[in-house]
Amino acid sequence: MEHAHLLRELEAIVGPAYVRHRPIDLMVYEYDGSVEGAVELASPAAVVLPKSTDEVVRIVKLAWDEGIPVVARGAGTGLSGGAVAQAGGIIIALTRMDRVIDIDPIDRTALVEPGVINLELSEAVAHLGLFFAPDPSSQKACTIGGNVAENSGGPHCLKYGVTTNHILGLEVVMPDGNVIWTGTAQDGFSGFDLTAAMVGSEGMFGIVTKVLVRLTPKQPLTRVMLAAFDSMEAASNAVTGIIAAGNLPSALEMVDNLTIQAVEPVYHAGYPMDAAGVLLIEVDGHPLDVEETSVDVESICKQFGATTFRQADSLVERDLLWKGRKMALAAMGRLAPNYYLHDTVVPRTRLAETLNAVEQISAEYKLPIANVFHAGDGNLHPLMLFDRRVSGDTEKVLEASKVLIQTCVDLGGALSGEHGIGTEKRGYMTLVYSDDDLRAMAGLKQAFDPANRFNPEKVLPKGFVCSDLKALHFQTMADQHDIVPV
Amino acid sequence: MTSSVYAPVSVTELSSMVRDANDQGRSFQVRGGGTALDIGNASDEGDPLDISGISGVIDYRPADLTISVRAGTRMAEIRDTLGEHGQELPVDVPFPAETTIGGLMACGFAGPRRLGSGTLKDLILGCEYVRGDGLVAKAGGQVVKNVSGFEIPRLLHGSWGALAVLTSINFKVTPIPKAERTLIWSIPETRDAFAIARDIRQGHPSVTAIEIERANGKQSLVVRLMGRSGALDLQVRDLVDTLGQTDAIPDAKSSAWWQDRNDRFASAGGDVQLVVRTRPRYCGEVVTEVGKRLGVAARSAISPGIGVARMQFDADAIDAANFWQQLDLSSLPGGTEAIVEFAPEEWKRGIDTWGPHVPGRELMQAVKTQFDPKGVYNPGRLFI
């Protein structure tokens with residue numbers, strides 16, 4: 001179909017105001033939150049912003065008839081290129097589908113459209129004593145639909161679980177325009193757990209147009225504790241100690257000295273400037289439970305050499321302690337113009353070892369690396385700081401990244417804890433999965449999307465999905481930089 | 001004709017058995033501990049494929065709170081292994097001495113504890129499995145958070161072995177709560193036990209399970225609390241103040257009471273056991289209406305907080321042929337679903353036990369075709 005004709009058809013569905021096609025308007029859709037250079041950019045033919053399931057269906061059917069690939073997109077805060085356009089394809093941006101359709105305080109569920117912003121859902125149910133538990137750092141901007149696509153996590157998933165643990169059902173538009181409802185399998189109900197398969201499928205299986213989420217009751221008391229340590233190793237050992245003693249904090253985060261240098265002068269969160277590492281430990285529950293757990297946590301931290309230990313119960317004090325953690329990425333601009341944020345996971349007991357390895361990589365590549373991460377989950381977020389205007393810096397970062405990822409995999413880790421694979425880590429999938437593993441994953445994609453129309457060039461390494469989209473040319477960052485392991 | 005018994009002891013052996021069956025057009029009925037074989041439609045197809053020989057703990061890391069086990073491992077062995085380090089898989093398990101972890105996961109079983117502890121699905125980190133064409137693959141890993149690749153492990157939860165046979169599974173485990181209490185009240189049938197249950201749930205966010213049991217015209221309400229003893233004592237006092245003294249279950253017997261409950265409703269001894277699932281807010285209404293429509297007194301275990309009821313009826317008193325028409329699920333509120341879990345063999349032959357309507361069947365068939373193209377696994381028994 002000729003481009004102008006395609007635009008006319010799309011405009012007929014959603015109205016001219018909601019079809020973007022000028023190059024300047026399309027530029028933003030070539031990106032997501034990933035670092036430039038780590039994911040391949042591509043320009044869509046058009047961006048469409050539907051308001052209803054029916055409009056999504058009509059767009060998808062048009063794309064189906066014309067053989068045009070479709071990429072669904074929320075707020076574009078993703079960190080692995082999942083929502084980046086397919087060259088010449090249609091982007092369906094779901095941000096206008098932002099209604100909270102129903103809140104049920106008795107069943108503790110909400111039915112929402114995919115464009116609802118994560119934090120806004122929690123705000124909408126706060127007066128009922130409830131919240132939506134997954135809380136990625138981007139929660140002020142990211143959408144529930146994006147959370148479903150990426151199976152997002154956040155600091156509080158240590159206790160409350162990741163997105164998949166909070167999704168009860170989905171309305172999904174399939175690649176041929178059919179609409180289905182998926183349920184959750186239990187005791188033989190609902191057949192196969194198609195909801196489980198959908199969550200984390202990175203927009204490759206279907207487009208989610210309604211989400212039934214579980215809401216979580218707020219606990220009567222929340223307390224945040226800060227423990228500072230002279231070494232990251234001591235802080236890591238304290239993390240293992242806290243968990244191994246049978247405590248389940250609602251969050252257990254670590255911030256290293258480089259990060260403290262970035263955040264403390266600006267946000268005055270109260271992190272000791274000379275600490276090698278700071279732990280933020282949040283516990284919630286019945287006041288008596290919180291009290292007993294805090295006593296446990298304090299004694300374990302001191303046993304592992306905590307130099308400072310403080311606790312905060314009031315919302316103001318808690319927010320201040322959290323601010324240093326939550327604003328860490330923003331503050332990195334004080335140290336370097338660019339950063340590359342990683343998302344590997346290792347077994348919790350290998351944290352100290354892994355952090356030592358990260359330090360070695362930093363020294364070897366003369367690359368500052370800040371660490372601010374979900375220590376309780378073993379989910380690392382090394383931030384490689386660089387300046388892409390300096391020739392060779394980006395290449396150096398990509399080379400160091402390759403070593404970092406390989407190191408974490410060797411320690412029994414995973415490629416991504418919560419950011420997804422997208423295009424960014426597609427080339428790394430063979431580090432952890434065999435050809436048969438990947439063939440089986442490709443089979444699942446084939447079941448949902450036999451013609452490979454939805455987000456066709458993501459997650460699976462090249463060669464694992466047969467594509468009928470002959471006109472497309474796509475090359476991953478991994479290919480360009482020759483970092484695919486042979 | 002007697003069927004052969006296949007009992008592989010390794011993944012390689014299993015894979016080659018499955019590959020041969022796939023090539024030769026044979027099929028299998030997959031079994032673990034054999035505790036759930038009565039569930040599903042009666043089928044005469046396929047040889048038994050016994051996975052219980054692929055057994056044992058592969059890797060348990062208490063400090064990481066993770067365990068990797070072979071699928072044929074009995075739940076009692078897993079419970080004992082974890083228990084030595086004060087940890088557990090926080091899920092209900094009927095007949096733990098026989099039930100295997102692979103079987104439990106394949107059935108997607110969830111008992112009353114689901115209210116406070118979630119399901120096995122929430123704890124899955126990764127698995128290895130054998131597809132119906134014999135292909136051996138793994139997905140996920142052994143770290144507690146992982147979004148590397150598609151969620152095949154969670155898809156296999158509750159898939160009844162129709163897509164693949166699990167050979168090993170990695171789980172996140174949790175510390176055993178430091179204390180637990182079970183309280184039981186007799187509630188006259190004239191009082192709305194569901195409303196009481198709802199109030200308890202709203203007022204005590206840490207309640208682990210709430211159960212309403214009905215039998216022989218009697219009704220009881222059972223509440224399970226888990227946590228640290230100080231907070232539990234306060235909550236117990238509060239509940240007793242509201243609901244009156246309870247028929248005490250000593251703390252040491254608390255978990256045994258729930259085990260007994262799980263066992264009692266994991267077979268039906270010749271009766272028909274119907275499982276009904278609905279939105280929690282409609283649970284009371286739906287259970288009453290189901291009883292009325294079938295016109296038979298039931299023995300019921302109802303988890304009002306999760307909207308699941310298990311109801312046992314005298315098989316002679318209800319007619320299989322008209323069963324689903326009589327129930328008329330689509331006229332019940334809350335998207336009510338039901339399956340016949342247990343029934344005498346002859347009774348079952350007259351009915352589709354999975355209910356009149358499984359949504360998304362076409363897509364499920366496409367998934368089945370990818371994993372088990374020739375229908376090697378569990379033909380005739382499932383919804384697909």
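Student: What does helix H4 of chain A lie across, and at what angle to S5(A) does it run?

Tutor: Helix H4 (residues 118-125) of chain A lies across S5 and strand S6 (109-112) of chain A, and its direction is at about 45 degrees to S5(A). Helices (H or I, at least four residues) and strands (E, at least two) are DSSP runs, numbered from the N terminus. Axes are lines fitted to C-alpha atoms, for helices over the stretch in contact, and angles run from 0 to 180 degrees between N-to-C directions.

Student: Anything I should keep in mind about the model?

Tutor: This is a predicted model: local features need pLDDT of at least 70, side-chain atom pairs count only at pLDDT 80 or more, and totals for chains, interfaces and linings use all residues. Residues are numbered from 1 along each chain as its sequence is written, while chains are lettered from A and ligands numbered from 1 in the order in which they are written.

Student: Cool. In what order do the strands of that open sheet in chain A come?

Tutor: The order is S5-S6-S10-S8-S9, 5 strands with antiparallel pairing. Strands pair if DSSP finds at least two bridges between them.

Student: Which strands are at the edges?

Tutor: Strand S5 (100-104) and S9 of chain A, each of which pairs on one side only. On average, neighbouring strands in this sheet are turned by 10 degrees against each other, ignoring direction.

Student: Over how many bridges do S8 and S10 of chain A pair?

Tutor: Over 6 bridges, in the antiparallel sense, between strand S8 (residues 167-173) and strand S10 (residues 207-214) of chain A. Val172(A), for instance, has Val208(A) in S10(A) as its bridge partner.

Student: New topic: how many residues does each chain bring to the contact?

Tutor: Chain A brings 71 residues and chain B brings 68; residues are in contact if their C-beta atoms, placed from the backbone, lie within 7 Å.

Student: And which element gives the largest share on the side of chain A?

Tutor: That's H16(A), with 8 residues.

Student: How does H16(A) pack with H12 of chain B?

Tutor: H16(A) and helix H12 (residues 361-371) of chain B have their axes 8 Å apart and pack at an angle of about 150 degrees. The two helices, H16(A) and H12(B), are therefore roughly antiparallel (under 35 degrees counts as roughly parallel, over 145 as roughly antiparallel, 65 to 115 as roughly perpendicular and the rest as oblique).

Student: Which residues make that contact?

Tutor: From H16(A) they are Gly443(A), Leu444(A), Gln446(A) and Ala447(A). H12(B) supplies Ala366(B), Val367(B), Thr369(B), Gln370(B) and Phe371(B).

Definitions and conventions: Two residues are in contact if their C-beta atoms, placed from the backbone, lie within 7 Å.
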